Amino acid sequence: MPGYSNASHRYLFSTTDLRELLERQLVGMRTEVENLPPDRFLNTAPSDLARYLTETYTVDAIRLNRQDWHMTEEEIQVDVRYDRRRAIFDDSRPVYVPGQRIQVFVPFSGEAPLFHARPPQFTMSPPAGEVKGNELVLTFEFPHDSAPELRPMIDQALQEIESYLAWSNTPIDSANQRLPEEARQVIEARRNRVLANQGRVSSLGIPVRPRTGAPTTYAVPTARRKAPPSLPPASSAAFEPEPIWAMEHYEHALGVIQSMAQLLERSPAAFAKQNEEHLRDQFLFQLNGHFEGRATGETFNVGGKTDILLRENNRNVFIAECKFWKGSKAFHEAIDQLLGYQSWRDTKMALLVFNRETNMTTVLKGISETATAHPNYKRTLPWNEETGFRYVFHHNSDTNREFILSVLAFDVPN
């Protein structure tokens with residue numbers, strides 16, 4: 001429109017390619033994983049590290065907050081030498097007339113560099129504007145004697161910008177959805193490589209000389225465009241690998257317990273008067289039949305006696321407690337009891353909850369609320385059990401020492 005100009009003449013969405021920006025995020029994530037000192041890396045729980053990486057490298061799409069917008073205005077001198085409606089014959093020098101500058105400030109959330117990234121879909125005339133802090137600034141200048149209909153122009157400019165943001169959101173959302181799996185793969189690849197390197201070195205039987213100046217801690221890089229979450233705390237001491245009981249054996253042990261519970265439900269008269277100890281013995285009998293007599297009851301383990309303890313090669317691989325449901329407080333204490341039994345190498349545990357007097361819906365609700373509120377709770381795992389839950393808890397003294405706790409609830413006869 002003659003007499004009007006967007007004074008900034010700074011085109012948005014045209015400096016870099018959005019796909020390249022998203023790819024740089026992945027490169028940055030891979031680089032951070034590779035730069036972690038090996039022992040620091042191995043001593044960090046992979047799930048915690050993956051969550052940190054996902055939070056750090058997720059791209060926050062831009063959202064305009066038009067409800068908080070505002071404007072400023074000032075009188076200026078406007079150069080009209082190129083306005084063909086005016087009789088100006090020499091455009092080699094400025095010709096000024098009184099005018100006005102209107103600036104519209106639109107706050108936004110998200111990452112400012114996205115305003116300069118060109119999405120896969122774009123036009124040949126990208127919108128203009130400036131980014132100052134967390135505000136988008138649109139500047140309009142015009143002579144007083146030819147003032148335009150300004151509000152439609154502002155709305156059109158913002159509509160064009162909103163279109164570009166919408167075109168950007170699709171690849172951003174897709175990249176963010178892939179990020180957790182990308183993080184998991186990067187961590188797994190380096191973990192396998194570092195463990196293989198350590199195994200190869202150990203097999204030589206030659207003492208390893210520490211590297212001069214090797215870092216004992218790891219600092220998160222600060223060259224990020226937003227404040228990242230903290231890297232999960234972990235020891236930088238030499239990593240000592242520990243044997244792990246195969247998940248398939250753990251599932252098999254739980255399957256034996258569930259089969260016994262079904263028998264309990266089908267033969268109520270045989271179990272009606274049994275207490276916790278007698279019920280525990282029924283489960284022990286079945287587990288010993290499947291694990292060659294390696295299941296024991298009331299065994300001392302670290303902080304007390306364990307109801308059910310399964311050992312392989314002189315180490316504890318499965319610990320379980322049997323409890324009647326007596327409310328959330330008692331269930332919380334049962335979790336604490338299990339935590340007291342746990343040694344460094346106990347990675348799989350179970351809590352068997354017998355219910356005789358309470359509605360099962362109430363019991364399940366109490367289990368879920370109490371477990372997830374426990375200070376050692378880390379996350380819930382998917383488990384297709386109608387009356388069961390599976391959680392990841394951490395050791396009392398080390399958040400990177402994780403163990404699986406499966407909770408199974410059973411209705412038992414009176």
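Which residue of β13 is the bridge partner of Thr380? I looked this up first, in what is a predicted model. The partner is Tyr391.

**Entry: the strand pair**

I then took the two strands as a whole. Strand β12 covers residues 377-381 and strand β13 covers residues 388-395. The two run antiparallel, and I found four bridges joining them. They form a hairpin, with six residues between the strands.

**Entry: the chain overall**

I stepped back to the whole chain, which has nine helices and 14 strands. It holds 414 residues, and 45% of them count as buried. For the accessible surface I noted about 22100 Å², with 51% of this belonging to carbon and sulfur atoms. I also looked at contacts with a separation of 6 or more along the chain; residues 24 or more positions apart account for 72% of these.

**Entry: helices α1 and α3**

Next I looked at helix α1 (residues 18-35) and helix α3 (residues 46-57). Their axes come within 10 Å and cross at roughly 145°. The crossing of α1 past α3 is right-handed. On the α1 side I listed Gln25, Gly28, Met29, Glu32 and Val33 as making the contact. On the α3 side the contact is made by Tyr52, Leu53 and Tyr57. Sorted by kind, the residues of this contact come to five nonpolar, two polar and one charged.

**Entry: Leu338**

Is Leu338 buried or exposed? I first placed Leu338 in helix α8, residues 328-341. Its relative accessibility is 1%, so Leu338 counts as buried, the cut-off being under 20%. I then asked what surrounds it. Setting aside residues up to four places away in sequence, Leu338 touches Ile319, Ala320, Glu321, Met349, Ala350, Leu351 and Leu405. For Leu351, one of these, I also noted the C-alpha separation: 8.3 Å from Leu338, at 13 residues apart along the chain.

**Entry: Pro113**

My last residue was Pro113, which lies in the loop between β4 (96-109) and β5 (117-118). I noted a relative accessible area of 37% for Pro113. Partly exposed runs between the cut-offs of 20% and 50%, so Pro113 is partly exposed. How far apart are the C-alpha atoms of Pro113 and Leu18? I found them separated by 9.7 Å, with the two residues 95 apart along the chain. Residue 18 is also where helix α1 begins in my earlier entry, as that helix covers residues 18-35.

Key:
Residues are numbered from 1 along each chain as its sequence is written. This is a predicted model: local features need pLDDT of at least 70, side-chain atom pairs count only at pLDDT 80 or more; totals for chains, interfaces and linings use all residues. Side-chain values use heavy atoms; hydrogens and water are left out. Axes are lines fitted to C-alpha atoms, for helices over the stretch in contact, and angles run from 0 to 180 degrees between N-to-C directions. A crossing is left-handed if the near helix is turned anticlockwise from the far one by less than a right angle, and right-handed if clockwise. Contact means heavy atoms within 4.5 Å. Ala, Val, Leu, Ile, Met, Phe, Trp, Tyr, Cys and Pro count as nonpolar, Asp, Glu, Lys and Arg as charged, and the others, Gly among them, as polar. Two strands pair if DSSP finds at least two bridges between them. Buried means under 20% relative accessible area, exposed over 50%, partly exposed in between (1.4 Å probe, protein chains only). Accessible areas come from the Shrake-Rupley method with a 1.4 Å probe; for residues, only the protein chains shown count as cover.
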